[in-house]
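Here are my notes for your first pass through this model. Keep the structure open beside you and look up each spot as we reach it.

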Amino acid sequence: MIASRLANFGTTIFTEMSALAEKTGAINLGQGFPDEDGPQAVLEAAQAAIRTGRNQYAPLPGVPALRHAIAEHQQRFYGIELDPASEVQVTMGATEAIAAAILGLCEPGEDVLAFDPYYDSYPAAAAMAGARFVPIPLQPPEFTFEDFVVPPKARVIIVNSPHNPTGRVFSREELQRIADLVIEHDLIAITDEVYEHLVFDGLEHIPLSTLPGMAERTLSISSIGKTFSVTGWKVGWATGPQPLVAAVRAAKQFLTFAGATPFQHASAAALRLDTAWYEAFSAKLQAKRDHLCDAFSHFTVARPQGTYFANVDVGTNAVEFARELPYKAGVVAIPTSVFSADPQRLAPYLRFAFCKRLPVIDEAARRLHALES
């Protein structure tokens with residue numbers, strides 16, 4: 001019997017749609033993982049780590065090479081100075097970092113705020129901590145947010161930019177509005193930045209922690225999987241001021257303690273790739289976005305500013321549309337409403353992942369264009 005606080009987190013629609021893809025032979029643009037491997041040099045670094053005996057427990061904070069590489073990455077891209085020993089914590093992916101942060105920072109009965117739609121682990125992590133999850137709606141079609149009220153028991157706000165599932169990249173003005181509320185209400189900001197390098201159209205990812213007054217109250221979370229197409233490695237991290245990182249570490253030691261030792265060493269090599277590699281990867285993904293979005297001539301596309309995902313207004317109930325799409329067009333997508341506490345607000349939107357090989361994207365685009373015709 002499932003504990004009551006987790007009883008509402010059952011089998012997700014991802015399971016149903018993946019089964020439909022297998023049953024029908026449809027192209028699966030539902031789940032957000034690439035269908036090709038990351039850079040060869042990074043894969044070889046993992047193999048070398050295995051061959052040279054780096055296969056035992058990593059220290060709780062993470063292997064030193066990776067902690068130093070994370071600190072160097074934050075300095076190189078954002079000018080953020082970190083102590084690799086006390087201000088960097090390696091985790092089993094960003095999902096564990098989020099869970100450990102909420103478990104380590106929130107008391108039962110406190111409120112965790114997050115923008116809606118949201119990555120599905122946020123409310124689950126709040127429930128595990130005995131906290132109350134409070135959604136802040138992003139309004140379609142632009143997925144912007146209006147002024148919102150901070151409840152008196154608020155402890156944490158989760159800020160995910162670039163944003164999954166909408167593809168929004170929050171502007172400096174939007175981030176400043178968030179920062180003002182965080183400071184006014186003495187909140188802790190947890191930022192989910194796993195898509196930080198997947199930003200398009202010349203836009204810029206701005207870490208919330210770089211805004212005035214935010215460094216001391218922001219815990220920044222990211223991971224290796226999305227940027228380097230190695231989602232199965234499950235290597236993530238949390239960075240920020242020592243008291244916030246210590247809270248993550250306190251919870252993490254009783255979750256997984258440590259793991260993925262050879263992949264941690266390889267992740268250090270990945271983070272040190274030339275800046276030009278990051279730019280080329282983002283440009284390649286932007287081209288895939290355009291190939292997919294351009295296939296929709298009759299439906300309205302919320303063309304994403306970043307991430308792996310495009311949301312399409314199909315003009316009807318997207319849940320039923322998604323269940324019929326594998327049979328009608330041979331493509332699988334996910335209704336955006338499953339990521340929301342208010343599904344009706346997002347009822348006509350369908351989320352497509354474009355992090356696949358370009359020939360796969362083009363074939364899916366051909367099928368979807370034929371469906372519209």
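1. One definition before we start: two residues are in contact when heavy atoms of theirs lie within 4.5 Å. Also keep in mind that this is a predicted model. Now try the definition on Ala100, a residue of helix α4. Which residues does Ala100 contact, leaving aside its neighbours within four places in sequence? They are Ala247, Val248, Ala251, Lys252 and Leu255. Ala100 has a relative accessible area of 0%, so it is buried. For a contrast, look at Glu36: it is 64 residues away from Ala100 along the chain, and their C-alpha atoms are 30 Å apart.

2. Stay with that spot and look at helix α8, residues 242-252. Its buried residues are Leu244, Val245, Ala247, Val248, Arg249, Ala251 and Lys252. What do they pack against? The partners are α4 (93-105) and the strands β2 (88-91), β6 (188-192), β7 (218-223) and β8 (236-239). An α-helix has 3.6 residues a turn, so residues three or four places apart point the same way.

3. Next, the sheet with 7 strands. This sheet is open, its pairing is mixed, and its order reads β2-β8-β7-β6-β5-β3-β4. Which strands are at the edges? Those are β2 and β4 (132-137), each of which pairs on one side only. From one strand to the next, the twist averages 20 degrees. For one pair in detail, take β6 and β7: they are parallel and share 4 bridges, and Thr191 sits opposite Ser220 in β7.

4. Two helices lie across strands of this sheet. Helix α5 (residues 121-128) crosses over β3 (111-116), β4, β5 (154-160) and β6, at about 155 degrees to β4. Helix α6 (residues 172-184) lies across β3, β5 and β6, and its angle to β5 is about 165 degrees.

5. Please check the loops leading into those helices. Most residues other than glycine have a negative phi, and most peptide bonds are trans. Where are the cis bonds here? One runs from Asp116 to Pro117, with omega near 15 degrees, and Pro117 is in the loop between β3 and α5. Another joins Ser161 and Pro162, with omega about -10 degrees; Pro162 belongs to the loop between β5 and α6.

6. While you're at it, look at two positive phi values. Asp186 is not a glycine, yet its phi is about 55 degrees. You'll find Asp186 in the loop between α6 and β6, and it is exposed because its relative accessible area is 58%. Phe257, also not a glycine, has a phi of about 60 degrees. Phe257 sits in the loop between α8 and α9, and at 36% relative accessibility it counts as partly exposed.

7. Just along from there is Thr261, in helix α9 (residues 261-271). Buried or exposed? At 9% relative accessibility, Thr261 is buried. Not counting residues up to four places away in sequence, Thr261 touches Arg54, Gln56, Tyr57, Ala58 and Val63.

8. There is also an open sheet of 4 strands, with antiparallel pairing and the order β9-β10-β13-β12. β9 (300-302) and β12 (334-335) are at the edges with a single partner strand each, so one side of each has no neighbour in the sheet. How many bridges join β10 to β13? There are 5, and Ala310 faces Phe352 in β13. β9 pairs with β10 (residues 309-313) over 3 bridges, while 2 bridges join β12 to β13.

9. β13 (residues 349-353) deserves a look of its own: 5 of its 5 residues are buried. Tyr349, Arg351 and Ala353 point one way, and Leu350 and Phe352 the other. In a regular strand the side chains alternate between the two faces of the sheet.

10. Last, a helix pair. The axes of α1 (residues 13-24) and α11 (residues 318-328) come within 10 Å and cross at roughly 15 degrees, which means that α1 is roughly parallel to α11. The crossing is right-handed. Glu16, Met17, Leu20, Lys23 and Thr24 of α1 meet Ala322, Arg323, Pro326 and Tyr327 of α11. By class, that contact has 5 nonpolar, 1 polar and 3 charged residues.

Technical notes:
Residues are numbered from 1 along each chain as its sequence is written. This is a predicted model: local features need pLDDT of at least 70, side-chain atom pairs count only at pLDDT 80 or more; totals for chains, interfaces and linings use all residues. Side-chain values use heavy atoms; hydrogens and water are left out. Axes are lines fitted to C-alpha atoms, for helices over the stretch in contact, and angles run from 0 to 180 degrees between N-to-C directions. Angles under 35 degrees count as roughly parallel, over 145 as roughly antiparallel, 65 to 115 as roughly perpendicular and the rest as oblique. A crossing is left-handed if the near helix is turned anticlockwise from the far one by less than a right angle, and right-handed if clockwise. Ala, Val, Leu, Ile, Met, Phe, Trp, Tyr, Cys and Pro count as nonpolar, Asp, Glu, Lys and Arg as charged, and the others, Gly among them, as polar. Two strands pair if DSSP finds at least two bridges between them. Buried means under 20% relative accessible area, exposed over 50%, partly exposed in between (1.4 Å probe, protein chains only).
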